[in-house]
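Please open the structure in your viewer and keep the selection tool at hand, since each stop on this tour begins with something to pick out.

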Amino acid sequence: MRRLLYITLLMVLSVIPLFAQSENVEIMSETTLLLPLSDGINTRWVLPPASSDFIRHFKDMRLSFSVDHAGHAWLGFADGTVLCPEKGYMFKLPETFWDFVCLDNGVILFATTSRLSLLRVSDLLQKTSSDTVSLQPIAMLPPNCSRMVKGAENCLYFICNDEAARENTIWLFKPQSYQGIRGIPEYQKVFVSDSPINAVAGDGVNTWVASGRLILKIDAQKQLHRYYLHPHQAIVDLAYTKSSGLFYTTAFATGYAGVNGAIELLNTRAPVIACAGNSLYVLFAHSFGVMAIEGIDQLLNYDLPLAGIKKVMAPRFDQ
Amino acid sequence: MRKGIFLVLCLLLVMPAPSPLWAGAYEQLLGMTGGTAYVPPASDPSPSGSSNYQEPRYREPRYVDPAAAQKREERRKARQRARDQARKKSARARKDEREDREWEEKNRERNEKEAKRQIVLKQLPPKWQLKSDPKKSAAAGKVPSLGGLNDLTSLHKKIEAMQKQEKLTVQQQNQLADLDKKMLDLWAQMVRAADTPDQVRKVLRLPIGFADASSQNVPRLSQDMLRNMLQLPADNDTFVELSKDLMPVRNGLVNFAGDYLQNIIAAAPVDIFEAATDAELGGLLKNSLAIAKVTMAFRDLSKGIASVADFAIGKIPMPQASIAETGRKIYTNIAFASLNSFMEKASAAVGVNHDSAAFIKDLKEEATVGQRAFMEWMGVK
């Protein structure tokens with residue numbers, strides 16, 4: 001009987017804060033959402049904002065963000081720290097890396113100073129290794145690379161910059177579909193530009209490149225096309241999925257770039273994006289919170305030339 | 001009176017002594033003459049013409065025997081030779097002694113190194129060789145005692161040597177392909193093997209090359225091309241008014257949900273604006289708070305109105321306090337697992353009590369799956 005009373009009391013106590021919270025909903029500042037009203041499209045918090053100590057420790061470090069095939073968000077920091085909060089992983093690598101990606105086939109790759117590497121975990125009982133978690137070098141990277149980008153269909157893109165030659169290049173690595181004359185996978189140079197390249201995305205057949213406000217498309221015939229020109233801001237990142245299409249970020253927004261125009265889905269400060277499956281994952285860099293916009297394949301239905309606004313329903317300012 | 005005497009005495013003591021009148025006269029004289037003073041020596045006081053004068057004695061010439069001189073010279077030379085020999089002997093002895101000492105030092109260093117090596121060898125597996133599970137890979141048993149790295153290096157060298165040849169015959173090309181295949185397999189085995197030492201792992205690498213760009217017609221964006229592309233009309237500027245019922249939208253749905261919405265609401269004509277309550281907007285978005293609903297009209301390729309679609313503009317609520325707390329725990333209560341000191345300190349700092357072995361096992365499984373996927377990706381069996 002006494003135990004039952006305790007349980008009831010505990011339940012009541014645990015419910016009280018929920019009632020209190022429902023009264024005051026805290027809104028994320030400087031963030032606005034635009035979504036088509038469709039059954040499949042909605043938002044979901046994947047990782048709530050981190051604690052202030054965590055933010056203070058990592059906020060000034062270079063961040064790499066990737067989502068694995070199971071939809072788990074991975075974060076990597078310049079000091080070698082890697083974490084996947086949903087899986088409960090956090091480790092610090094003995095050597096630093098400047099980028100990492102989780103491919104859809106389960107491969108997790110790291111780019112160190114000049115090498116492409118795999119994650120390696122040695123047995124606790126095995127004494128041949130001094131570090132439990134380390135990197136296994138695989139191959140040399142293309143020279144002077146600054147970014148490694150996950151593409152669709154398990155391909156990798158590298159953005160490289162040869163300052164001496166004043167040449168910016170995009171390299172593609174897609175081992176299952178391209179092998180050199182010797183039968184060994186090779187890096188392919190897919191694009192060269194005199195202007196700086198901010199971002200790249202694609203599936204190894206079609207490639208999109210961002211330079212300034214412009215997004216270019218390189219088609220299967222290696223022809224260059226203007227794909228989209230943002231009216232206000234420079235494009236800083238791109239992400240592509242075969243099922244949904246191309247997504248971009250600027251310093252203040254993230255959006256869908258269709259063939260007929262763009263839909264800016266989220267206005268927020270410095271978003272970082274990644275695509276996996278049918279979801280677009282947005283990392284809010286100031287809080288390390290991660291939100292997923294699900295059902296992004298339906299955005300293709302809205303990729304039509306816009307004629308205008310038919311109706312607006314909203315509260316008046318004076319209301 | 002006594003005081004007076006005492007004062008006088010004190011004054012006498014304090015006052016400097018008057019220099020004599022002749023002080024410095026000698027130096028002045030020297031200065032005037034410009035040289036040192038010559039003082040003649042004192043003359044011999046002994047009287048000249050003394051009575052005990054002695055005549056100088058006559059000395060007879062001394063006779064030298066040439067034979068004896070020669071013998072003496074020979075003896076001298078013999079003594080010198082003996083001294084030289086003794087000197088050489090002692091130098092040789094010193095050299096021998098030094099060499100012995102150096103050899104002993106080297107020998108001691110060698111023994112110490114050998115002792116250290118034995119300590120390391122005891123920590124390594126009995127034979128420095130691969131122990132891939134033969135069940136997983138049939139070729140694993142064929143790997144020679146490492147060896148493996150040497151084989152990989154020699155394969156690299158052979159491949160490089162063949163690549164340097166300008167024209168390869170069909171047979172050589174097949175041979176090169178075989179070598180590549182062997183090298184890939186050997187690399188995969190060495191990476192998979194749990195007992196491959198770290199030093200070896202660090203130098204393992206696949207010879208992933210770069211495709212010949214000249215033969216691949218790589219597209220290039222020049223400054224002129226970029227300028228031309230930027231000068232093309234903007235994507236959303238060409239708005240054609242289809243119906244007076246529609247309100248035009250510059251730049252489409254870009255920056256629409258931001259400040260632009262406020263302008264639209266403010267400027268919206270009465271016939272397209274409809275005031276709504278929070279309750280009406282409340283159910284529009286599942287996990288967000290809708291603040292407006294906008295119906296957009298789209299056109300088709302023939303410029304007619306093709307369809308209309310509703311969009312919701314909303315704000316994102318922060319996760320509820322309980323969820324946010326869970327999130328903070330997710331971030332801070334992570335199973336800190338690496339064995340290095342950083343994580344041990346971090347773990348201690350947040351007071352986490354975690355199952356380290358379980359974590360490592362879990363992460364290892366993840367890494368192994370990734371490694372296996374990578375091998376498949378690279379086409380290595």
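Select A:Arg115 and then A:Met140, which is its bridge partner in strand 10 of chain A; bear in mind as you look that this is a predicted model. Now widen the selection to strand 9 (residues 115–121) and strand 10 of chain A, and you will have two strands that pair in the antiparallel sense over seven bridges.

Next, add strands 7 and 8 of chain A, and the picture becomes an open sheet of four strands in the order 7-8-9-10, with antiparallel pairing. Strand 7 (99–102) and strand 10 (133–140) of chain A each have a single partner strand and stand at the edges, so one side of each is left without a neighbour in the sheet. If you turn the view, note that neighbouring strands of this sheet are rotated against each other by 30 degrees on average, direction ignored.

Step back to the whole of chain A, where two helices and 26 strands can be coloured, and where 50% of the 319 residues count as buried.

Now show chain B as well: 109 residues of chain A are in contact with 120 residues of chain B. On the side of chain A that touches chain B, the largest share, nine residues, comes from strand 26 (residues 306–314) of chain A, and the residues of that side divide into 62 nonpolar, 30 polar and 17 charged.

For the last stop, select strand 26 of chain A together with strand 3 (residues 273–275) of chain B, which pair in the parallel sense over three bridges. Within this pairing, A:Met313 has B:Glu274 in strand 3 of chain B as its bridge partner.

Terms used:
Residues are numbered from 1 along each chain as its sequence is written. Chains are lettered from A and ligands numbered from 1 in the order in which they are written. This is a predicted model: local features need pLDDT of at least 70, side-chain atom pairs count only at pLDDT 80 or more; totals for chains, interfaces and linings use all residues. Two residues are in contact if their C-beta atoms, placed from the backbone, lie within 7 Å. Ala, Val, Leu, Ile, Met, Phe, Trp, Tyr, Cys and Pro count as nonpolar, Asp, Glu, Lys and Arg as charged, and the others, Gly among them, as polar. Two strands pair if DSSP finds at least two bridges between them. A residue is buried if 20 or more other C-beta atoms lie within 10 Å of its own, exposed if 12 or fewer, and partly exposed in between; C-beta atoms are placed from the backbone. Axes are lines fitted to C-alpha atoms, for helices over the stretch in contact, and angles run from 0 to 180 degrees between N-to-C directions.
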